[in-house]
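Here is my note on the model you sent. The points are numbered so that each can be checked against the structure in turn.

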Amino acid sequence: RYELDWLRVMTILVVFLYHSTRFFNLGDWHIKNVNTFVWVEMGSIFVSHWMMPLFFIISGASLFYSIARSGGWWRFYCAKFQRLMIPVLIGSITHSILQVYLERLTHARFSGSFFSFLPEAFSGVYLAFGMPGNYAFHGMHLWYLLFLFVYSLICFPLFIWLKGNRRKILDRLSAWLAIPGFTVVGFVLPLVILELLIPRTVLSVGNGGWGFLYYVWFLIAGFIIFSSNRLQQRIMGQRWITLLLGVVFTCLHLFQLFSPSRLVFSTGVGDWVSTLLSFFSAWSWLLTILGFGMRHLAVDRPLLRPLNEGVMPFYILHQTIILCTGYFIMVWAIPDALKWLMVFMGSFAVIIVLYRYLIQKLDLLRFLF
C-alpha cells in the first residue's frame, strides 16, 4: 500500500512544519518568541485536528496487514518493543534532556550550563509544561511511539479476534460505515460515546491536540478502514464531499473559537458545540486525505523507499533540532518571518546531514533510531 508510505512521509513533514511554528502561536511551549500571532494559532488548531490521528490511522492500517504474520503475542511484543520503545528509552536519557534544559532555561526555572543541569535531569518525572520534574520518560515528542506501543499491545487480541473467527463482525462494521451519507457520522460516533462515558478531566489529558484515549479509536479505525475494499471505495468516491465538509466544519469551529461575533451558548451547550465541530472537522479531513491518497498516491517510485526508511529518524530528531535552533534565533532582532524561515531551513538541513552522514552510516545508530 504505497499510499500509506507516501502519507506517512508527507505527514511527518507537516509535523515538522507544525513544530517549527510553535514558537509563534498563542499557546505555551518549551521556547517562545516575543511576538505571537492569532493566525498561527488558527493554523495550529487546524493541523492538530488531523495530524496525529492520521498517524494512528496509518498505524492501524499497518497492523491490519502485518498482524496475521506476527507469530503470536510474544513475537509481536518483541518486534514492537524494538521498533518503538528502543527509540523512546534512548531518547528519554539523551536528547530529551536537552529539550527539558532549554525549557527550564527560557522559563527562568534554571540558570547555568547544560552540564550543570545534568545532575538534576532525573529529579522527578516531567509530565507537561510548567509542572515540576525533569525526567521525560516518554521521550518528550516521542510520546506517540510510547502510546502506539501500548495501544498496539492492548488491541492485539481484538485485532486477531476480528481478523480470524469474527471476520463477519468486521465485515458488518465496515459495511455499516460504508453506508452512503453515514461514513463521517459513523466515525465520529465513538468519539461522542467517549465524551459521554468518560469524565472530561480524564479525556483532556493528552498531546498533539487530542486526549490520549481518543487515539485508541483512530488506531482501531485504521484497522477497520483497510479491512474493507468497499469502505475504501466509499472513502475515495466521496473525497470531494468530505473536503467540502472539512472546510465548512473547520471554518465554523475557528469562527466559534476566535470571532468576536461568534454564537453564544450556555457553558455546557457551548462546549458540546465546539467539541462536535472539532470531531466532524477532524474526520472530514482524515477521510479526505485518505480518499485522495488512495486515489492518487498508490504508486511506487524509486524515492519512496529511502524516504520511508528515513521517517523514523527524522521524527526522532526533529523537535530537539528545532528547539536548539530556535533557542538561538528567537532572541535575534530580525523580522519574525525571517526567524521562522531560518529555523525551518536550518533545522531541516541539520537533520538531513545528521541522518545521511551519521545515523545511516553506523549500524548501532540505525538500530537505536
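Is M140 buried or exposed? Please keep that question in mind; point 1 answers it.

1. This is a predicted model, and the comments below should be read with that in mind. M140 has a relative accessibility of 6%, so it counts as buried, the cut-off being under 20%. This residue is in the loop between α5 and α6. Its phi is near 60 degrees, a positive value in a residue other than glycine.

2. A108 is another residue to look at for its backbone. Its phi is positive, at about 55 degrees, although A108 is not a glycine. A108 belongs to the loop between α4 (95-106) and α5 (114-117). With a relative accessible area of 71%, A108 is exposed, because the value is over 50%. To set the two side by side: M140 is buried, whereas A108 is exposed.

3. Next, the nonpolar core. The largest one has 115 residues, and F56, F218 and W283 are those with the most contacts inside it. F218 shows how such a residue is surrounded. Apart from neighbours within four places in sequence, F218 is in contact with P53, F56, I57, L191, W210, W283 and L286. As background, nonpolar side chains in soluble globular proteins tend to be buried together.

4. W285 is placed in helix α13. Its relative accessible area is 14%, so W285 is buried. Which residues does W285 touch, not counting those up to four places away in sequence? They are F46, W50, L243, G246, V247 and T250. K32 can serve as a distance check: W285 and K32 are 253 residues apart in sequence, and their C-alpha atoms are 29 Å apart in space.

5. Helix α13 (residues 267-296) also packs against helix α11 (residues 229-237). Their axes come within 8 Å and cross at roughly 100 degrees. That angle makes α11 roughly perpendicular to α13, because it falls between 65 and 115 degrees. On the α11 side, the contact involves Q232, I235 and M236, which meet L287, L290, G291, M294 and R295 of α13. By type, the residues of this contact divide into 5 nonpolar, 2 polar and 1 charged.

6. A second helix pair is α6 (residues 143-163) and α7 (residues 167-177). How far apart are the axes of α6 and α7? They are 5 Å apart, and the helices pack at an angle of about 90 degrees. These two helices are therefore roughly perpendicular to each other. W161, L162 and K163 of α6 make the contact with R167, I169 and L170 of α7. The residues of this contact comprise 4 nonpolar, no polar and 2 charged.

7. On cysteines, how many disulfides does a search of the whole structure find? The search finds 0. C78 is in no disulfide, and the nearest cysteine sulfur, that of C155, is 19 Å away. A disulfide needs a pair of cysteine sulfur atoms within 2.5 Å, which means that C78 and C155 do not form one. C78 counts as partly exposed because its relative accessibility is 32%. C324 is partly exposed too, with a relative accessible area of 22%.

8. R200 is in helix α9 (residues 200-203). At 40% relative accessibility, R200 counts as partly exposed. Leaving aside neighbours within four places in sequence, R200 is in contact with E195 and T275. From R200 to G211 there are 11 residues in sequence and 9.5 Å in space, C-alpha to C-alpha.

9. L26 is found in the loop between α1 (2-20) and α2 (38-66). Is L26 buried, partly exposed or exposed? Its relative accessible area is 42%, so L26 is partly exposed. Setting aside neighbours within four places in sequence, L26 is in contact with K32, T36, F37, V38 and E41. L26 and F37 are 11 residues apart in sequence, with 6.4 Å between their C-alpha atoms.

Note on methods:
Residues numbered from 1 in each chain as written. Predicted model: local features only at pLDDT ≥ 70, side-chain atom pairs only at ≥ 80, totals over all residues. Heavy atoms only, no water. Buried < 20%, exposed > 50% of the residue type's maximum accessible area, 1.4 Å probe, protein only. Core = buried A, V, L, I, M, F, W, Y, C linked by side-chain atoms within 4.5 Å. Contact = heavy atoms within 4.5 Å. Axes fitted to C-alpha atoms, helices over the stretch in contact; angles between N-to-C directions. Helix = DSSP H or I, 4+ residues; strand = E, 2+ residues; numbered from the N terminus. Parallel < 35°, antiparallel > 145°, perpendicular 65-115°, else oblique. Nonpolar A, V, L, I, M, F, W, Y, C, P; charged D, E, K, R; others polar.
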